[in-house]
Amino acid sequence: MREIFHNDWMALKEMAPFILLGIGIMLCLTIIMIVINRQVSKQEEKEAQELADHQAHLEELEESNNQRYRTIYIFDSEVRSRKV
Amino acid sequence: MKKKSTLYYTIIFFWGILSLFGIVAFCQRIQSSRVMDNPLVMIILVVNTVFIVYFWLNGTKDIVYAIFYYSKRKKLQKEEEYLLTLPLSKELEESKVLLLYCTCNDFIEDSLLRSIQQTHKNIEVYILDDSSNPEYKEQIDLFSAKHNIEVVRREDRKGFKAGNLNHFLDAQPEGSYDFFVILDSDEIIPEDFIEKALHYFAYYPNMGILQATHISTRNRTKFMDRFAMGVNSHWPTYQTVKAHYGFLSLLGHGAMVSQECYQAVGGFPMLVAEDICFTIEARLKGYYTGFSSKIVCQEEYPVDYFAFKKRHLKWTGGNLEFIKTYHKRIFKTKNMTWFEKLDVILFTYSLPLSSVFFIFLTINLVILPVLGQGAGYPLWLMTPTTMYLLSPMLNDFIFLTGKKSPFGYIRYFFSSFCLYGSLYWLSLYGATKAWMGQKPTFIVTPKEEQSYTLREMIKGNRAEIIFSCILILVSVIFTHSALPVVLIVIPSLSGIYLTSLSKPLSEKKRIKNTPIYET
């Protein structure tokens, strides 16, 4: 039993650099993919933020237009009522 | 809908280069010993090399799938976002959709109640009840009376889920509906499921099936909590890539099928893996399966390790039955591209091939040592072997970064390795039974949590424990080493630990992990 463990341990030691190389390659690949994924996510967030800002700006413009229209309408009605 | 072959060209390119090195190593192995003198050893070594090369092909597939998804995700999602903005024709807007809730002694009232709240108005809901348990039947009848939903039952359970669906759909008059949605008992579809799904059918005229993505929710046990993340990472990556570069199958639930496609196929094939069989039939008739990552449905992860094993056994038998029934037609048909066929092979053959892998194990553990030959391959082969052992987890590695603590991350990967590795005995058992002609049965995955005593845990995992002991013994006797089987034995012995995760989650963690309860 002891001999088997010893032999296995020696074989494992021999294989270790190649196993570690495999783990290392996978780790590098994972890190590269995580970086790519984060960049895409950041870009998506940026685009979503830009879209939200644009939407808010449009709403603001619409509101200011409505306000202006309301002012003109009130002014116009007042002028008309005075004429009458 | 058009598919591209770039993914499979990439897989074959990298795999081809690696295989060349492997074949060179094989030739060196032959030259270094007197193998040529013994034709039996020669044949065995060729078979051995074929196994290794096939294992590499599967590993390359997993790596390239993840790379393709994360590098093309944005482009593919943009297309989906665009098609969802397009206006629908009046005909599609008013189309009639049937919601078919399939249940068999596993009715979940809350799931159905949430699924029927649809923004699309022209819907009809039916409960297709195959239950035999009077308690469930009564529960369903009460629900049906309360919500005015029709229940459809049949005399027998012929054809399992496929038979249940066919029994109802075949009784519908022609043209009485346009689409139907398949719901499993634990399924929760979002309220805009149909509304969004119709856009996909409008955009892809040759699409017959739309499969929506899924996340795992309502985790009640430690087992569910530990592994449910795997569902959330697997669905978008693999199904998105399959939809554009491979063969995407209907996955049995959370999917919408057009009446036209159903009629063309002539019903669900009465087999255990009715979903993939139906998809193949539809594809042979010219209908594609689309995938939506923008429609997110909810499902439950198997409640404990025993439920997980039952589901795995069903999949193994079902896949083999599918291969037996369809392999000739798949190889012969000109309606499918070569890469779609290869995709089907790589994904569906892996489970039943477990019994073939046993031959590989026997060759290396018994036959070669008896013939006085070691495998004798160079040590550098350990590098791709290690890589490909880890490759199925690459997608999880990427997906979970930042979502779990370092400790949680390590615990998840160790547990996943044990969970999937522990299934080897079950795959072997299921596949061998099916190869020997025993018909698989549709086992409904148990949904109710249970606690187990140590005795029950040992009893439920005794086959794996005995199998591991025999493997170790054989390995030590013939090779004087335990190393060749260590990656099978460790996970196989972890069954007791995995079963112990059936304990319920604390209420605090349950609420934290379960968005459904918060809504």
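A salt bridge is taken here as a side-chain nitrogen of Lys or Arg within 4 Å of a carboxyl oxygen of Asp or Glu. In this predicted model, 19 salt bridges are present over all chains.

One of them pairs B:Lys294 with B:Glu81, with an N to O distance of 3.2 Å. This contact connects distant parts of the chain: B:Lys294 lies in strand β7 (residues 288–299) of chain B and B:Glu81 in helix α2 (residues 39–85) of chain B, 213 residues apart. Both side chains are partly exposed, B:Lys294 at 23% relative accessibility and B:Glu81 at 39%.

A salt bridge within a helix is formed by B:Arg114 and B:Asp110 (3.1 Å, N to O). The two residues are four positions apart in helix α4 (residues 109–115) of chain B, and therefore about one helical turn separates them. B:Arg114 has a relative accessible area of 28% and is partly exposed; B:Asp110, at 34%, is also partly exposed.

In the salt bridge between B:Asp130 and B:Arg157, the closest N and O atoms are 3.9 Å apart. Here too the pair links distant parts of the chain, 27 residues apart, with B:Asp130 in the loop between β2 (123–129) and α5 (134–147) of chain B and B:Arg157 in the loop between β3 (150–152) and α6 (160–169) of chain B. B:Asp130 has 8% relative accessibility and counts as buried, because the cut-off for burial is under 20%. Its partner B:Arg157 is partly exposed at 33%.

Salt bridges with shared partners also join A:Glu47, B:Lys74 and B:Lys78 into one network.

Notes. Residues numbered from 1 in each chain as written. Chains lettered and ligands numbered in written order. Predicted model: local features only at pLDDT ≥ 70, side-chain atom pairs only at ≥ 80, totals over all residues. Heavy atoms only, no water. Buried < 20%, exposed > 50% of the residue type's maximum accessible area, 1.4 Å probe, protein only.
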